[in-house]
Amino acid sequence: MPGYGLRITSIVLGWGALALAGSLPGCVEAVPQDAIEAVENIDRDLMQLRAAEFSPNDYAQFAHQWMALKSRVQADEDLVRWPWEPNDLEIALRRLQEEGAHTVTRLTKERETLRHSAESKIAQVEGRSRMMTLQVSGIDSRLVLGQKPVETDLLMKQAHAFYEQGQYDRSLDAADRAAQNLAMQAVLLSHELGRYANRDQIIGWQQMAKDTITWSRIHRTSAIVVSKADRVLTLYRNGQKIASYPVRLGFNGIREKRYQGDGATPEGRYRVSSKRGQGQTQFYRALVLDYPNEEDRRRYRLERKTGQIPASRAIGGQIEIHGVENELMAQTLGCVMLDNPQMILLFDRVEKGTPVTIVGALHEQNSIAQTLEMLGVQRKET
Amino acid sequence: MNSRSTMVPVLCALLMLTACAKPPTEQIAAAEKAVSEAQQSGASTYVADEYAKVQGSLAALKKEVSDQDGKLAIFRDYGKVEQLAVAAKSDAERLKAEATKKKDEAKAAALQAQQVAQEAVAATLALVAKAPTGKDRAALESIKADAEALKASLNQVQMAIDTADYPVAQTKAVAIHEKSQAVSHEIEAALAKIGKGKPSAAKKK
């Protein structure tokens with residue numbers, strides 16, 4: 001049966017050819033397109049996350065692997081591979097996709113954490129800054145801080161701008177620097193005004209006030225004590241307190257006077273050297289003090305000698321207790337200012353030669369000491 | 001001479017040609033140079049992701065060179081290396097151009113913001129100079145300190161520009177501008193208030 005054998009052979013060969021033809025399309029595609037697209041999607045996700053800026057090492061690692069595989073994809077794309085052969089390139093792409101997905105998840109979390117840190121820090125520093133502004137304003141010590149408040153303000157504006165741009169690391173950095181600046185302000189205030197919280201210094205001031213009151217009692221005359229922290233002038237007669245008036249100080253009055261034009265109000269023992277009535281002063285009524293006294297001169301000479309006061313600066317003078325020139329310009333340059341109705345009462349009760357003692361504070365729990373304490377606590381918290 | 005004897009020299013010549021395959025050093029060097037130039041032009045900052053990729057391509061290229069070097073001489077083929085080097089060079093040149101463009105734009109934006117800030121600060125300082133040296137000094141002295149601080153901060157903008165940190169320069173300049181305007185408004189309000197009063201003559205204090 002030769003015809004039958006030939007037919008069997010033909011059938012076998014036909015089916016074999018069909019099977020081979022059927023298997024060929026499966027071998028042509030070296031790397032499935034979806035594997036490439038998946039890695040491309042991961043790359044897009046990483047770019048959207050700005051991984052190259054935010055976490056350059058992570059992105060560099062991904063990009064190096066991706067580029068290495070991409071070059072292999074381009075080289076391998078025309079190769080025919082049998083279905084049963086392992087496809088190393090596809091395995092590597094799938095692995096990169098998996099690693100990349102993990103990186104995307106991790107960086108998304110890290111970025112969110114960073115965003116939250118920046119947001120919290122901005123809120124914290126802003127709150128602290130507002131509090132400090134209020135506290136500093138409360139004790140009239142803005143000028144002690146010089147340019148620092150503006151520096152803080154600018155840094156906070158930068159922190160906001162970077163936050164809006166999604167540059168959370170830079171935002172956090174600016175907010176951190178603003179926090180440091182605030183801490184420096186607290187240190188500066190503590191350095192400049194620390195004597196208001198110094199127990200020995202306060203005991204010294206209390207003694208000066210006590211001596212003045214005793215003098216008033218012994219000499220049966222008037223005496224004045226001014227407390228800068230309380231912004232209060234107290235009038236004594238025969239050692240008895242007879243009146244207290246609120247006062248305003250120089251524009252930098254909280255500081256200790258050192259030289260002309262510093263806006264500070266001096267501390268020390270003085271006397272009324274002359275009285276200026278209506279028409280003799282532009283400030284309604286004035287009690288001129290004998291500033292500078294010997295102690296002021298000694299300190300001034302020493303500070304000039306040590307270079308703490310510029311040679312061009314004079315010691316100043318004409319410190320007075322006076323009224324208000326006009327309510328629109330109710331601020332003094334270093335004197336003690338009272339409202340006019342109270343000034344006339346004081347003026348009429350005081351003679352030339354009346355002792356005037358100006359002190360920083362009379363109580364340990366004075367407003368400045370309390371503010372410094374609060375700022376110290378806040379500084380530790382920030 | 002039969003056909004076998006004529007094939008021998010041809011095969012030998014082919015073998016010799018293959019055995020002499022060498023890495024395309026010039027193309028590799030050109031690619032490396034282009035990547036380096038892209039980096040210098042700020043690509044790592046302004047087109048960071050693209051730059052990371054071109055660095056990846058360069059690394060892939062070097063690995064391919066190493067792979068080919070590890071083969072027997074007759075099997076070496078640097079065709080892919082050459083292809084990668086050409087692509088890397090081309091990409092790096094594109095990145096250099098893009099980075100330069102973006103950097104120039106960032107610089108221009110920073111310079112413009114700087115100019116606006118300078119003008120705002122100058123206007124603020126002019127207002128401060130107008131303020132009377134009369135009695136209401138605390139507010140004015142405080143404003144003066146603010147204006148001086150703004151003036152000093154302009155140096156920081158310049159420093160950031162000098163170090164090509166344009167984002168910092170721009171945000172700082174914008175902040176100075178905003179703050180300067182706020183201070184100017186404050187001065188105008190203070191001037192309006194003080195203007196109603198009579199400025200005092202300067203006196204010793």
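**Notebook: strand β5, a helix pair and a loop serine in chain A**

I began with strand β5 (residues 286–289) of chain A and found both of its faces covered, with Ala286(A) and Val288(A) buried on one side and Leu287(A) and Leu289(A) buried on the other. I note that this is a predicted model, and I read every entry below with that in mind. The division into two pairs made me recall that in a regular strand the side chains alternate between the two faces of the sheet.

Next I looked up the partners of β5(A). Strand β4 (residues 268–276) of chain A runs antiparallel to β5(A) and is joined to it by four bridges, and here I saw Ser274(A) standing opposite Val288(A). Strand β6 (residues 320–322) of chain A is likewise antiparallel to β5(A), with three bridges between them, and in that pairing Val288(A) stands opposite Glu320(A). I therefore wrote down Val288(A) as a residue that has Ser274(A) opposite it in β4(A) and Glu320(A) opposite it in β6(A), while counting as buried because its relative accessible area is under 20%.

I then turned to the helices and asked at what angle α2 (residues 33–48) and α5 (residues 88–138) of chain A pack. The angle is about 20 degrees, with the axes 9 Å apart, which makes α2(A) roughly parallel to α5(A), since angles under 35 degrees are counted that way. I recorded the crossing of α2(A) past α5(A) as left-handed. From α2(A) the contact is made by Asp34(A), Ala35(A), Ile36(A), Ala38(A), Val39(A), Ile42(A), Asp45(A) and Leu46(A), and from α5(A) the residues include Leu93(A), Arg94(A), Gln97(A), Gly100(A), Thr103(A) and Leu107(A). Sorting the residues of this contact by character, I have eleven nonpolar, three polar and three charged.

Beyond α5(A) I stopped at Ser141(A), which sits in the loop between α5 and α6 (148–164) of chain A. Is this serine, Ser141(A), buried or exposed? Its relative accessibility is 0%, so I count Ser141(A) as buried. Setting aside neighbours within four places in sequence, I listed its contacts as Val136(A), Leu189(A), Leu193(A) and Ile254(A).

Last, I took totals for the whole chain. Chain A has eleven helices and eight strands, and buried residues make up 46% of its 382 residues. Of the contacts in chain A with a separation of 6 or more, I noted that 68% come from residues 24 or more positions apart.

How values were computed:
Residues numbered from 1 in each chain as written. Chains lettered and ligands numbered in written order. Predicted model: local features only at pLDDT ≥ 70, side-chain atom pairs only at ≥ 80, totals over all residues. Heavy atoms only, no water. Axes fitted to C-alpha atoms, helices over the stretch in contact; angles between N-to-C directions. Helix = DSSP H or I, 4+ residues; strand = E, 2+ residues; numbered from the N terminus. Parallel < 35°, antiparallel > 145°, perpendicular 65-115°, else oblique. Left-handed = near helix turned anticlockwise from the far one by under 90°. Contact = heavy atoms within 4.5 Å. Nonpolar A, V, L, I, M, F, W, Y, C, P; charged D, E, K, R; others polar. Buried < 20%, exposed > 50% of the residue type's maximum accessible area, 1.4 Å probe, protein only. Pairing = 2+ DSSP bridges.
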